[in-house]
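Dear colleague,

I am passing on the structure below, and after it I have set out what I found when going through some of its helices. Please read the notes with the structure open beside them.

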Amino acid sequence: MTAGNSAGDAPAADAGPEELDPALRDDVRLLGELLGRAIASERGGEFIGRIETIRQLAKEVRAGSTSWETLRDYLAALPEDALVDVARAFNQFLNLANIAEQHHQIRLRQRAEEQDLLAGVFQRLQEQGHRPEELAQALAASAVELVLTAHPTEVIRRTLIRKYDAIAHGLGRLEQSSGAEAEATRTALARLVAEAWYSDELREEQPTPQDEAKWGFAVVENSLWQALPRFMGRLDRELEALGAEPLPLSAAPVRFAIWMGGDRDGNPNVTAAVTREVLMLARWMAADLFLRDVESLQSQLSMVRATPEFEALAGGATREPYRAVLRQLRDRLRRTLLWAEALDPTPPADRSSIILDQSELLEPLLACHRSLVACGMASIANGELLDTLRRVACFGVHLVKLDIRQSADRHEDALDAITAHLDIRDEAGNSYGDWDEAARQRFLLAELASRRPLFPAQWPAPEQVAEVLDTCRVVARQPAGAIGQYIISMAAQPSDVLAVLLLLREAGMEQPPPVVPLFETLDDLERAPAVVDALLALDGYRQLAGDHQHVMIGYSDSAKDAGQLAAAWAQYRAQEALVAVAKRHDVRLTLFHGRGGAVGRGGGPAHAAILSQPPGSVGGSLRVTEQGEMIRFKFGLPDLAEQSMALYTGATLEATLLPPPAPTQAWRDVMDRLAALALDGYRSVVRDDPEFVPFFRAVTPEQELGKLALGSRPARRKATADVESLRAIPWVFAWTQIRLMLPAWLGTDAALHGALAADERTLLADMAAQWPFFRMQMDMLEMVMAKTDCELVRWYQRRLLAADRRSLGEALCGRAEGLARDLLTLRGHGQLLQDDPQLRESISVRNTYLDPLHLLQAELLERSRRAERPSAAVERALKVTMAGISSGLRNTG
């Protein structure tokens with residue numbers, strides 16, 4: 001995004017080092033030129049000259065020919081009326097660079113420069129003796145569920161996301177066009193980039209849970225709806241190439257669920273009424289999407305030949321019987337749409353007038369398919385009709401399953417209130433909240449076995465208790481398939497699960513959804529196997545829950561509690577032990593991985609993450625969260641969504657049929673020592689150093705992040721200033737803003753240094769080469785260290801901390817720099833990301849645009865905190881810098 005000699009010149013983006021793929025470099029340059037023109041048309045050549053000066057100074061700083069102070073002085077001298085647009089210019093370029101990289105991912109697959117992952121998985125499995133029909137059966141039985149969560153890490157407004165999607169499509173069209181068509185596409189791209197520049201990139205108001213759910217539904221409508229049948233067709237083609245039958249029409253190897261509107265843990269904005277509304281909005285969207293499909297099929301299926309059975313279904317119509325059947329389905333869908341639009345879940349008096357059950361949607365479509373195939377029209381049956389059948393199997397009449405999440409203590413409060421109200425007390429006169437675990441279990445199991453209701457029809461329940469009970473009633477009134485799981489955060493005992501089962505039973509639910517304990521802290525993870533073992537051993541529990549046990553592993557809070565490496569090892573050992581517990585009790589186990597986008601919250605490449613799980617822990621089923629900006633990066637475009645589905649499905653199949661090796665005892669011993677060192681190294685700073693919290697609050701924009709209208713959920717669980725009350729997302733978000741990335745590496749530095757000092761380099765290198773779990777830890781650590789920049793951290797310190805308060809920050813920077821050196825020693829490399837030059841150069845290109853945002857942010861933080869009432873321009877520019885840094889680093893939270 002460089003300036004020409006006058007306002008009329010066309011600015012050209014510097015796409016950075018020559019190591020970037022030429023096609024990607026050309027896309028970055030084109031979008032940068034178009035952005036420069038849009039800015040110049042509004043602000044003129046003088047402003048563009050400022051942007052170019054800042055960009056050149058940033059490049060010279062990185063090259064070592066200019067000092068940081070020179071760049072800072074230039075930024076500090078900017079007039080206040082230029083601050084916002086300077087920040088916006090660099091922010092928009094980083095967003096456009098993201099679009100170019102997303103398009104490049106699609107391009108690589110289309111060029112076949114990336115090996116087809118599914119074909120590679122099938123080949124490896126066949127080489128290990130798995131027959132084609134065995135692979136087909138495993139795929140048909142596979143159950144990957146991707147859960148879109150409302151976690152607030154997406155900083156970009158939906159309005160701009162739609163424009164960015166259109167820009168990505170434009171890049172694709174441009175690549176396939178020439179001459180006048182190419183010129184028209186460039187003109188359209190220029191218009192879209194200008195629209196983005198002239199639009200407000202920041203939300204002014206906090207989104208509601210309903211807004212978040214609508215955003216999730218929009219991902220289904222605009223991307224997943226197109227990607228799913230394409231992905232299924234790809235699976236069928238791979239199986240056909242192996243000589244196997246295509247997947248059954250009922251197969252759905254990938255399904256989707258959401259937390260948006262159901263996750264009420266620490267979010268008072270998610271109420272029972274909100275959940276009821278979101279469930280109806282999902283029904284409305286499903287009816288709308290299937291109505292479009294059926295109307296298209298009605299137009300297409302004009303054939304007159306049909307089986308006698310189908311003609312009877314069509315009411316004896318011999319002329320265009322398929323249209324007759326689809327017309328009936330269309331009319332029911334239209335009435336369903338009107339019913340759902342009213343947001344009242346009460347069915348009409350004539351229940352058959354609308355579609356309430358998936359079979360009512362599926363059976364007419366299946367009948368069309370069977371008749372077409374029987375009459376020799378399989379090619380027609382396996383066109384758009386098959387696509388719709390695949391969508392029915394995946395999305396159904398509910399579109400996505402809604403998970404409910406609530407904290408264990410809220411259920412405890414409800415049971416304490418009712419036992420106190422009914423005067424059900426122990427010998428000491430205590431109600432439920434003060435009972436020990438054994439007493440709670442006895443009471444809960446007895447009530448679950450009783451035929452009489454526990455709760456009176458009317459009783460003066462406290463407000464928070466009433467909300468829990470109302471939520472249970474909403475859940476109980478939903479048809480099968482609407483609710484995915486009921487997740488209990490901060491679960492610690494078997495009684496936490498029994499409590500929810502009782503509350504749902506009292507609400508009138510005979511067949512509850514899976515009730516899932518979520519183990520989040522280090523202590524909870526270590527006790528999780530014993531808790532689940534005790535739960536499965538309880539008389540009567542299996543009759544209530546069946547032979548399929550779900551357990552959720554929390555990555556974010558365990559990493560915040562113990563540091564990344566200690567938490568990762570605790571998660572691995574917990575999963576191993578849970579697999580053994582399930583096997584001992586002869587139940588099927590599905591693990592639900594609550595991963596975030598950032599490494600400090602369990603993030604990382606999906607394929608590598610799945611293959612790094614303990615052997616036996618996948619077992620054909622997998623549930624994992626996808627959130628915030630990662631939803632857009634993985635599923636925001638149909639091509640990307642198709643790739644992501646292939647990654648998850650291929651990795652799940654491979655981990656099931658060809659699990660990774662179990663670690664040797666020597667490797668376990670090393671990991672035990674590393675985890676212990678890492679835990680001590682992390683907690684000695686975060687928990688024990690009295691300077692840490694004041695340092696964190698002073699040097700990061702943690703206090704200011706609340707000004708970004710990111711999500712409906714508060715950033716803190718409690719109104720206190722300590723780290724414990726801060727949620728994992730803003731914890732990671734804040735450290736990423738200043739480029740210290742502390743949650744992803746603190747503690748690991750001490751562990752790795754200690755192991756190298758103990759002459760264990762060869763053993764660690766063997767672990768990284770042969771053990772997927774350890775290799776992924778090191779790969780992610782190397783990526784994080786490549787993004788860590790202590791020069792920037794020191795700059796934040798100089799602007800925001802007095803000289804006598806910088807010792808902790810300097811010590812942390814010394815530890816980070818030492819870790820980078822130790823990583824290079826371990827891997828025998830001369831530079832970080834030596835084996836991934838594309839990522840290394842992508843970071844380098846982004847630094848040119850990120851550095852001004854960082855320095856400007858530090859300057860604005862200092863101004864904002866110094867002023868009694870900061871100006872609107874300072875406050876707005878500060879928010880834009882936070883959004884821009886988030887976009888530039890891509891894995892903020």
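In this predicted model, helix H14 (residues 408–421) and helix H16 (residues 463–476) are roughly perpendicular to each other, since their axes cross at roughly 105 degrees and the range that counts as roughly perpendicular is 65 to 115. The two axes come within 9 Å. On the H14 side the meeting residues are Arg-410, His-411, Asp-413, Ala-414 and Ala-417, and on the H16 side they are Gln-464, Val-465, Glu-467 and Val-468. Sorted by class, this contact of H14 with H16 has four nonpolar, two polar and three charged residues.

A second helix pair is formed by H29 (residues 748–757) and H33 (residues 807–827), which pack with their axes 9 Å apart and at an angle of about 45 degrees. That angle makes H29 oblique to H33, and the crossing of the two helices is left-handed. From H29 the contact draws on Thr-748, Asp-749, Ala-750, Leu-752, His-753 and Leu-756, while H33 supplies Arg-815, Leu-819, Asp-822, Leu-823 and Leu-826. The residues of this contact of H29 with H33 comprise six nonpolar, two polar and three charged.

Turning to a single helix, H12 (residues 358–374) has 17 residues, which at 1.5 Å a residue should span 24 Å, and this agrees with its end C-alpha atoms, which are 24 Å apart. The buried residues in H12 are Leu-361, Pro-364, Leu-365, Ala-367, Cys-368, His-369, Ser-371 and Leu-372, and they pack against helix H9 (272–300), helix H10 (308–313), helix H11 (321–341) and helix H13 (378–395). Just after H12 comes Gly-376, for which phi is positive, at about 80 degrees.

The last item is one residue, Leu-653, which lies in helix H24 (residues 638–657). Is Leu-653 buried or exposed? With a relative accessible area of 4%, Leu-653 is buried, because the cut-off for that term is under 20%. When its neighbours within four places in sequence are left aside, Leu-653 is in contact with Val-121, Phe-122, Leu-125, Leu-135, Ala-138, Leu-139 and Leu-658. For one of these, Leu-139, the separation from Leu-653 is 514 residues in sequence but 6.9 Å in space, taken C-alpha to C-alpha.

With best wishes

Technical notes
Residues numbered from 1 in each chain as written. Predicted model: local features only at pLDDT ≥ 70, side-chain atom pairs only at ≥ 80, totals over all residues. Heavy atoms only, no water. Axes fitted to C-alpha atoms, helices over the stretch in contact; angles between N-to-C directions. Helix = DSSP H or I, 4+ residues; strand = E, 2+ residues; numbered from the N terminus. Parallel < 35°, antiparallel > 145°, perpendicular 65-115°, else oblique. Left-handed = near helix turned anticlockwise from the far one by under 90°. Contact = heavy atoms within 4.5 Å. Nonpolar A, V, L, I, M, F, W, Y, C, P; charged D, E, K, R; others polar. Buried < 20%, exposed > 50% of the residue type's maximum accessible area, 1.4 Å probe, protein only. Expected span 1.5 Å × (residues − 1).
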